[in-house]
Amino acid sequence: IQGNLGGTIGSPRVELQALTESLVIQDIPVGNLDTDLVYDPEELSLRGKTDTGWFEASIKTEKEQAFSFRGSLEDFPVGPLLNRARLRGWNGKASLSGELKGPVADIQRWEGNVLLKKLDTSAFGDQMHLENPVSLRFSGGNVTIPETSLIAGDSRLRVKGSMGQENSLTVKGTVPLRPFGTLIPAVRFHTGKAEADLVIHGSMSSPLLDGHIHLEADQVRVAGLAYPADSIEADLRAASNRFTLQSFSANVANGELRGSGTMTLEPLAFEDVRVSLNAVPIRLSDSLVANLHGELVLEGNREDSSLRGNLRIIEARYEEDFNLVGAVLLPTRPRKVSVQKADPFLKNMRLDLRVESGPNLFVRNNVARLVLSTNMEIRGTAEKPIPLGIVRAEEGRILYSNKRFDITQGSLAFSDPSGG
């Protein structure tokens with residue numbers, strides 16, 4: 001940094017020149033920055049050059065502090081900005097130029113035009129780019145977007161309207177699902193697309209959607225499912241803050257999932273959300289996979305909800321060997337477990353589930369050969385489920401110390417710990 005200080009004590013004038021190398025601002029690489037700053041009692045002005053462009057800014061020092069900015073950036077990295085918008089794994093570059101002006105403390109009153117000349121992004125192997133340059137108009141707390149298209153392979157998403165204090169944006173076309181998978185917890189898309197015909201209104205902080213979305217996907221991994229889901233098709237209707245799943249179907253191994261229902265986002269609420277399972281393999285633990293048949297119904301809100309239904313276990317197998325000597329003589333060190341605050345939604349979700357099976361629960365390992373059946377109820381909450389009922393040993397044997405013990409009968413009863 002170098003510069004001059006002049007004027008008088010009551011009316012100083014400052015001139016500074018600064019050169020910054022490898023500058024990074026909130027994870028956004030700016031590179032080398034060469035700036036000139038001039039301050040006098042009436043105005044603060046700043047001129048700068050970076051590796052990717054230039055800019056000029058000024059602030060009038062009168063009461064309203066009028067701000068003006070103009071500049072141009074070429075191939076500016078936008079990955080960190082997209083990651084902050086929860087689009088993790090995205091990278092890309094943008095080229096833009098334009099000017100903005102307005103009161104420093106009131107961004108809603110800024111006005112001006114910005115030409116977005118280029119936008120190229122990529123995520124998880126999918127490329128997306130702006131078809132043509134687009135001129136964005138800022139005024140009255142809104143940005144107006146003329147009709148433009150985002151291209152991703154053979155998909156095209158057309159956008160037109162305005163966003164900000166008062167949204168009125170039309171979104172129409174198709175987009176690949178894989179780049180947006182990070183927006184949905186516990187779900188990973190391999191292939192798939194969404195066809196949307198939406199109008200976004202409300203505000204930037206509280207957007208509301210009206211319209212229709214159709215989804216198609218394959219090789220989707222969902223937490224809890226033992227195998228990826230294939231042949232997924234879903235139709236979703238949006239009406240402001242209310243989303244109705246009109247139809248949903250998916251194949252999981254040799255089983256099938258179907259669903260329907262309505263959800264409100266703010267405040268969070270579920271209305272007759274139904275999921276039916278037909279021979280769907282569910283991973284209950286690392287060593288236990290069960291094929292389930294039945295229906296689950298979710299209703300309620302974050303403060304008071306219920307999950308009810310009937311499930312039949314078509315088949316379940318546990319085949320992990322047990323090392324009794326190693327467990328006693330060579331115990332493993334307990335793993336550290338981070339205790340997190342319980343989700344209020346799970347804490348307040350009441351359970352009313354019935355689980356039953358015939359003699360089709362199998363234990364096959366170096367210690368036991370068992371055939372089990374069960375008739376259980378699951379009560380309590382999703383945070384603290386309470387199993388009630390009986391698991392019966394229909395037949396089998398246990399091997400221990402080179403001896404065989406044949407089981408003639410046995411049962412394990414679960415009772416309500418509260419005595420109810």
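In this predicted model, the largest share of the lining of the largest cavity comes from strand β9, which supplies three residues. Strands β8 (111–123) and β9 (126–130) each contribute at least two residues to this lining, and the complete set of lining residues consists of W90, S122, A123, D126, Q127, M128, A152, P176 and P179. By chemical character, the lining of the largest cavity divides into six nonpolar residues, two polar residues and one charged residue. The volume of this cavity is about 30 Å³, and a search of the whole structure returns one cavity of 30 Å³ or more.

Strand pairing was examined for the segment that runs from β2 to β4. Strand β2 (residues 12–25) and strand β3 (residues 28–40) run antiparallel and are joined by 10 bridges, with Q17 standing opposite D36 of β3. Strand β3 is in turn joined to strand β4 (residues 43–50) by eight bridges, again in an antiparallel arrangement. The connection between β3 and β4 is a hairpin that passes through two residues, and the bridge partner of D40 in β4 is E43.

Aromatic contacts were considered next. Two aromatic pairs are found in a search of the whole structure. F55 and F69 form a stacked pair, with a distance of 6.2 Å from centre to centre and an angle of 15° between the planes. This pair links distant parts of the chain, since F55 belongs to strand β5 (residues 53–60) and F69 to strand β6 (residues 66–77), 14 residues apart. With regard to solvent, F55 counts as buried at 16% relative accessibility, whereas F69, at 32% relative accessibility, counts as partly exposed. F67 and W110 also form a stacked pair, in which the centres are 4.9 Å apart and the planes lie at 25° to each other. Because F67 lies in strand β6 while W110 lies in the loop between β7 (90–103) and β8, this pair ties together parts that are 43 residues apart in sequence. F67 has a relative accessibility of 16% and therefore counts as buried, falling under the 20% limit for that class.

The loop between β5 and β6 contains Q65, which is partly exposed at 38% relative accessibility. Between the C-alpha atoms of Q65 and L361, which are 296 residues apart along the chain, the separation is 75 Å.

Charged side chains were then surveyed for salt bridges, and the count comes to 22. In one of these, the side chains of R312 and E356 meet at a nitrogen-to-oxygen distance of 3.7 Å. R312 is part of strand β23 (residues 305–318) and E356 is part of strand β24 (residues 349–364), so this salt bridge ties together parts that are 44 residues apart in sequence. R312 is partly exposed, with a relative accessibility of 37%, and E356 is likewise partly exposed, with a relative accessible area of 30%.

A further salt bridge brings together the side chains of R317 and E315, with 3.5 Å from nitrogen to oxygen. The relative accessible area of R317 is 35%, which places this residue in the partly exposed class, and E315 is also partly exposed, at 30%.

The side chains of R379 and E377 meet in another salt bridge, for which the nitrogen-to-oxygen distance is 2.9 Å. R379 is partly exposed, with a relative accessible area of 35%, and E377 is partly exposed as well, with a relative accessible area of 25%. The contact between R379 and E377 belongs to a wider arrangement, in that salt bridges with shared partners join D352, R354, E377 and R379 into one network.

Key:
Residues numbered from 1 in each chain as written. Predicted model: local features only at pLDDT ≥ 70, side-chain atom pairs only at ≥ 80, totals over all residues. Heavy atoms only, no water. Pairing = 2+ DSSP bridges. Helix = DSSP H or I, 4+ residues; strand = E, 2+ residues; numbered from the N terminus. 1 Å grid on protein atoms, 1.4 Å probe; cavity = no way out; pocket = protein on both sides within 12 Å on 5 of 7 lines; lining within 4 Å. Points joined across faces, edges and corners; volume = space filled by probe spheres on them. Nonpolar A, V, L, I, M, F, W, Y, C, P; charged D, E, K, R; others polar. Salt bridge = Lys/Arg side-chain N within 4 Å of Asp/Glu carboxyl O. Buried < 20%, exposed > 50% of the residue type's maximum accessible area, 1.4 Å probe, protein only. Phe/Tyr/Trp six-rings, centres within 6.5 Å; stacked < 30°, edge-to-face > 60°.
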